[in-house]
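Visitor: I have a model open and want to learn to read its charged and nonpolar features. Where do we begin?

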Amino acid sequence: MRKFFKILNYFLVVLILFLLGFLAGKRYDIAFDSNDEIIGLHYSGNEQKIRRLVSLIDAQYIDGISSDSLVDVAIKKIVDQLDPHSKYIEKVKVDKTNQEIKGEYVGIGIEYKGLRDTLVITRALQDGPNADLLRFGDRILAVDKESVVGKNASKFEQLIKGRKGSTVQLDLLRNKDSITVTAKRNIVPVNPIVGEHMINQELGYIKLSKFTNNAASYFHQSLKNLLAQGMQTLVLDLRGNPGGVMSQAEAIADEFLTKNELIVFTKDKDEKKKYIFATKGGLFEQGQVYVLIDEGSASSSEIVAGALQDYGRGTIVGRRSYGKGLVQREIDLGDGSSILLTVARYYTPSGRSIQKPYTVSKETYNEDLHNRIRSGELFSRDSIKLNEQLKFRAPSGKIVYGGGGIVPDEFVAFDTLSVANWLTYNPDAKYYDEFVFNKTDENKNILLLQTENIFYRYFDGSLYHADFLKILGLKSSMVKKDYFPIVNTFLKASVAKLKFGLPMYYRVWLPEDEMIKRVIELENKRKR
């Protein structure tokens, strides 16, 4: 009944605005945001002028031209004059953007990679509709009889799209045999928790990749899982997390803060403030917390890290975060396109805005990472420039700074001499991926690659070690023996990611991770 009256109210508002607009030369209108909330619009004289211009071009201009394309160009130009995070989303991209935020999509539930001219399935997702039908190493030849050999991934994705409950026919090459299978399309949930395991008997680890609409519920379940395994200290990994839905960040921060502690507040163009406070009953209000951040941690990641830092509730470990303190609202433009419009700034409990300056130019803003590298900030804490005019005293009593990201409590430099970093970030890493795929494909039927538990306990990267050194152009005698365990762990982690996904990758690789090593040092020191 409430839904009925809500729809009725919408209808009445639309009708009234339509009549007003008709009587006043269409000066009034409405729009809806991503939460279906109504936004009233009032057109100024300049906006009326633009509408007349488009209408005249459509009706009178001598050379036929689509005003749609002109409007798209104009909107992009206008939005480009705003802050760096306001964004025009064209019709063709709206579905993909909403899908990323929603945390689910309709599809066949696979991960795949391009291998020369062929698309190859690397994993059928366990939560997907075809987990028992499709296998690692299946070569995709055709979709509904249309060949995809030599086609790019976007063409393949276009072909496998369809409505929930429908089917699609796939022609595959499996173990050199040609087969045809009928795959189902269904809702495939995307879990933003890409790492969840116990590092040791007391230390738990959760990596959150993005703040999707379902992030808080997934995070809550991961916390429950680790607490059931005896977790007393949590490592929350937000490195590379670009943010997402702000309400999900608030709910996740609420797991750690006690009732009535301020999580975040926002301020709009009219200086109107909105405060978000913690509630009672968070799952982890007492245990020790370490939050890992880096230059890729932005927006909602910084809301969580900032709140925990301000209350002294968690130790922030890593490097200075991105520095995004602006709040966007997605608003429908009426034709299927939308705008992600900055409507407010957010502030941590201490009152600091961590938004970095953006008034010079978007080019300068986007070059921030290169500037950090050039200044040496990624390699030395002393290179971080702090603005003394943006100094704040947090509720915990500690001094914190605004104006450009969260500065960690414990700095961990990017080690350019680390073999682990060289293997992970080497520009030639794509060749490693192909090598790992080919070796895994050759051995996909061996017992060691059939289940996660068997793989984790018994698989050894040394099986591929000699061949891997060959593609690097090295002999074993040329490599320090101290490096062998790291290389073997890297190879095992690479196979884990390919065959079993990111959670197994992090479980294997984290012992070589510099920030995890620092957390373990801090934990040992804390317990002395």
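Guide: We go through salt bridges, a buried acid, a surface patch and an annotated domain. Keep in mind that this is a predicted model.

Visitor: How many salt bridges does the structure hold?

Guide: The criterion is a side-chain nitrogen of Lys or Arg within 4 Å of a carboxyl oxygen of Asp or Glu. The structure holds 29 such pairs.

Visitor: What does the pair D138 and R174 tie together?

Guide: The side chains of D138 and R174 meet at 2.8 Å, N to O. D138 sits in the loop between β6 (118-124) and β7 (139-143), and R174 in strand β9 (residues 167-174), so the salt bridge links parts 36 residues apart in sequence.

Visitor: Is D138 buried or exposed?

Guide: Buried means under 20% relative accessible area. D138 is buried, at 1%. R174 is buried too, at 13%.

Visitor: Which residue does K527 pair with?

Guide: K527 forms a salt bridge with E202, and their closest N and O atoms are 2.3 Å apart. K527 belongs to helix α17 (residues 514-527), while E202 lies in the loop between β12 (193-198) and β13 (203-208), so this pair ties parts 325 residues apart in sequence. K527 is partly exposed at 48% relative accessibility. E202 is partly exposed at 28%.

Visitor: How far apart in helix α17 are K517 and E514?

Guide: They are three residues apart, about one helical turn. Their salt bridge has its closest N and O atoms 3.9 Å apart. K517 has a relative accessible area of 34%, and E514 has 29%. Salt bridges can also share partners: R320, K356, D368, R372 and E377 are joined that way into one network.

Visitor: What about a buried charge without a salt bridge, such as E285?

Guide: Look for the nearest opposite charge, then for polar atoms. For E285, the nearest side chain of opposite charge is R313, 7.7 Å away. However, a polar atom of the E285 side chain lies 2.8 Å from the backbone nitrogen of G282. E285 is in the loop between β16 (273-277) and β17 (288-293).

Visitor: Which residues form a nonpolar patch on the surface?

Guide: Y61, I62, I65 and L70 do, with about 420 Å² of accessible area together. Y61 lies in the loop between α2 (45-60) and α3 (67-80). Y61 is partly exposed, at 45% relative accessible area.

Visitor: Where does UniProt place the PDZ domain?

Guide: The unreviewed entry puts it at residues 91-161. In the model, that stretch is 28% helix and 34% strand. Its end C-alpha atoms are 17 Å apart.

Conventions. Residues numbered from 1 in each chain as written. Predicted model: local features only at pLDDT ≥ 70, side-chain atom pairs only at ≥ 80, totals over all residues. Heavy atoms only, no water. UniProt positions renumbered as here; feature names shortened; annotations may be inferred. Helix = DSSP H or I, 4+ residues; strand = E, 2+ residues; numbered from the N terminus. Patch = residues over 30% accessible without salt bridge, like charges linked within 9 Å, V, L, I, M, F, W, Y side chains within 5 Å. Areas by Shrake-Rupley, 256 points an atom, 1.4 Å probe, with all protein chains shown as cover. Buried < 20%, exposed > 50% of the residue type's maximum accessible area, 1.4 Å probe, protein only. Lys, Arg positive; Asp, Glu negative; His and termini not counted. Polar contact = N/O pair within 3.5 Å; in protein donor to acceptor, adjacent residues only side chain to side chain.
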